[in-house]
Amino acid sequence: MIVEQLKKRIVVLTGAGISAESGLGTFRDSGGLWENYDISKVATINAWHQNPAMVLAFYNARRRQVIAAKPNEGHYALAALEEFYDVTIITQNIDDLHERAGSSKIIHLHGEILKGRGVDTDKFLYPLDGDIELHHKTPNGQRMRPHIVWFGEAVPKMEEAEVMVRGCEILIVIGTSLNVYPAAGLRYACPNWCEKYLVDPGSIEIDDQQFEYFKGPATVQVPLLVDHLISKAKNS
Ligand code: BV8
């Protein structure tokens with residue numbers, strides 16, 4: 001049993017790839033979401049103003065998929081890491097699979113598809129178990145929208161995320177093409193002596209040789225990496 005304060009601090013930055021084997025599509029892989037949808041028509045603040053019905057339909061369909069999906073071995077392995085490390089998950093994903101797998105410290109940079117909010121503020125969030133319709137309003141009469149950070153909207157939790165990365169001793173990047181900023185820039189905020197691991201099956205170009213590359217799908221490589229880190233913790 002490792003005393004809480006003595007646990008090394010790990011930050012895990014995850015993207016759509018960690019949920020791919022739970023059946024939730026990634027964005028930029030072949031067959032990905034952005035092959036079938038024009039980002040500018042469904043995932044930007046302008047799209048919301050121009051065609052809210054299309055945006056709601058896009059997220060209602062993805063919300064049903066998330067509700068039907070299950071966490072995979074990658075999500076569960078990260079939850080198991082918490083017994084030996086102080087783990088913070090910083091995810092770009094809007095699903096709740098990290099929560100359902102048992103991770104306890106999660107920062108959703110791009111929002112959460114199972115929550116709604118008024119168009120006027122993100123101070124009050126409302127749990128969703130179904131679709132948002134055009135006529136839905138919040139208790140104070142505001143139009144309801146998905147609690148999602150669209151392209152062109154600021155990322156409110158960036159500062160909190162950056163503080164966690166600056167203070168981490170181990171950085172793990174899983175299942176992200178590192179295309180979307182400012183999230184992708186987090187990798188530059190960790191101390192240069194920080195241990196760094198990358199899990200991805202593709203040929204992601206990462207401009208930093210300090211990353212130890214666990215090449216392959218999350219359900220295989222994340223448990224292997226977690227076993228490696230747990231044995232290090234046990235022998236330290
Ligand atoms: C902002 C919520 C300013 C919605 C999302 C030009 C250059 C650079 C930047 C910009 C630019 N023009 C505009 C920008 C800024 C823009 C941006 O970065 N655009 C990109 C596309 C160029 N960013 C923004 O607009 C951000 N806001 O900058 O605000 C501002 C400041 C003040 C005031 C006003 C404004 C907001 C960005 C947030 C957008 N919302 N999501 C939704 O989910 O529908 S982003 C979206 O992309 C998701 O969150 C997703 O997670 C994220 C990143 O994608 P990835 O997760 O990396 O997924 P991807 O498919 O790309 O990659 C999958 C990876 O998994 C691959 O590497 C693959 O190999 C791997 N993989 C596949 N299978 C597996 C696997 N890995 C493991 N196991 C497997 N089985």
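Student: In this predicted model, which residue of β5 is the bridge partner of lysine 115?

Tutor: The model is a predicted one. Strand β4 covers residues 111-118, and lysine 115 has its bridge partner in β5. The two strands run antiparallel and are joined by 3 bridges. The partner of lysine 115 is proline 127.

Student: In what order do the strands of this open sheet stand?

Tutor: Strands of a sheet pair through backbone hydrogen bonds, either parallel or antiparallel. Here 3 strands form the open sheet, and their pairing is antiparallel. The edge strands, each pairing on one side only, are β5 (125-127) and β6 (144-148). The order is therefore β5-β4-β6.

Student: By what angle are neighbouring strands of this sheet turned against each other on average?

Tutor: The strands concerned are those of the open sheet β5-β4-β6. With direction ignored, the average angle between neighbouring strands is 45°.

Student: Which helix packs on the sheet, and what angle does its direction make with that of β4?

Tutor: The helix is α5, which spans residues 52-68. Helix α5 touches two strands, β4 and β6. The angle between the direction of α5 and that of β4 is about 135°.

Student: How far apart are the centres of domain 1 and domain 2?

Tutor: The domain assignment gives domain 1 as 1-24 + 71-110 + 154-236, and domain 2 as 27-68 + 116-148. The centres are taken over C-alpha atoms. The separation is 26 Å.

Student: What area is buried between domain 1 and domain 2?

Tutor: At this interface, 11 residues of domain 1 are in contact with 10 residues of domain 2. Carbon and sulfur atoms give 65% of the buried area. The area itself is about 730 Å².

Student: Which residues of domain 1 lose the most area to domain 2?

Tutor: Three residues together account for 46% of what the domain 1 side buries. They are Leu24, Ile94 and Arg100.

Student: How many salt bridges does the rule find across the interface of domain 1 and domain 2?

Tutor: The structure as a whole holds 11 salt bridges. Across the domain interface, the rule finds 1 residue pair in polar contact. The number of salt bridges found across that interface is 0.

Student: How many residues apart in sequence are the parts that glutamate 195 and lysine 8 tie together?

Tutor: Side chains of opposite charge can pair when their charged atoms come close. The side chains of glutamate 195 and lysine 8 meet in a salt bridge, at 3.7 Å from N to O. Glutamate 195 lies in strand β8 (residues 195-200), whereas lysine 8 lies in the segment before β1 (9-14). The pair therefore ties together parts whose separation in sequence is 187 residues.

Note on methods. Residues numbered from 1 in each chain as written. Predicted model: local features only at pLDDT ≥ 70, side-chain atom pairs only at ≥ 80, totals over all residues. Heavy atoms only, no water. Pairing = 2+ DSSP bridges. Helix = DSSP H or I, 4+ residues; strand = E, 2+ residues; numbered from the N terminus. Axes fitted to C-alpha atoms, helices over the stretch in contact; angles between N-to-C directions. Contact = heavy atoms within 4.5 Å. Domains from an automatic or database assignment. Buried area = accessible area lost by both parts, 1.4 Å probe. Salt bridge = Lys/Arg side-chain N within 4 Å of Asp/Glu carboxyl O. Polar contact = N/O pair within 3.5 Å; in protein donor to acceptor, adjacent residues only side chain to side chain.
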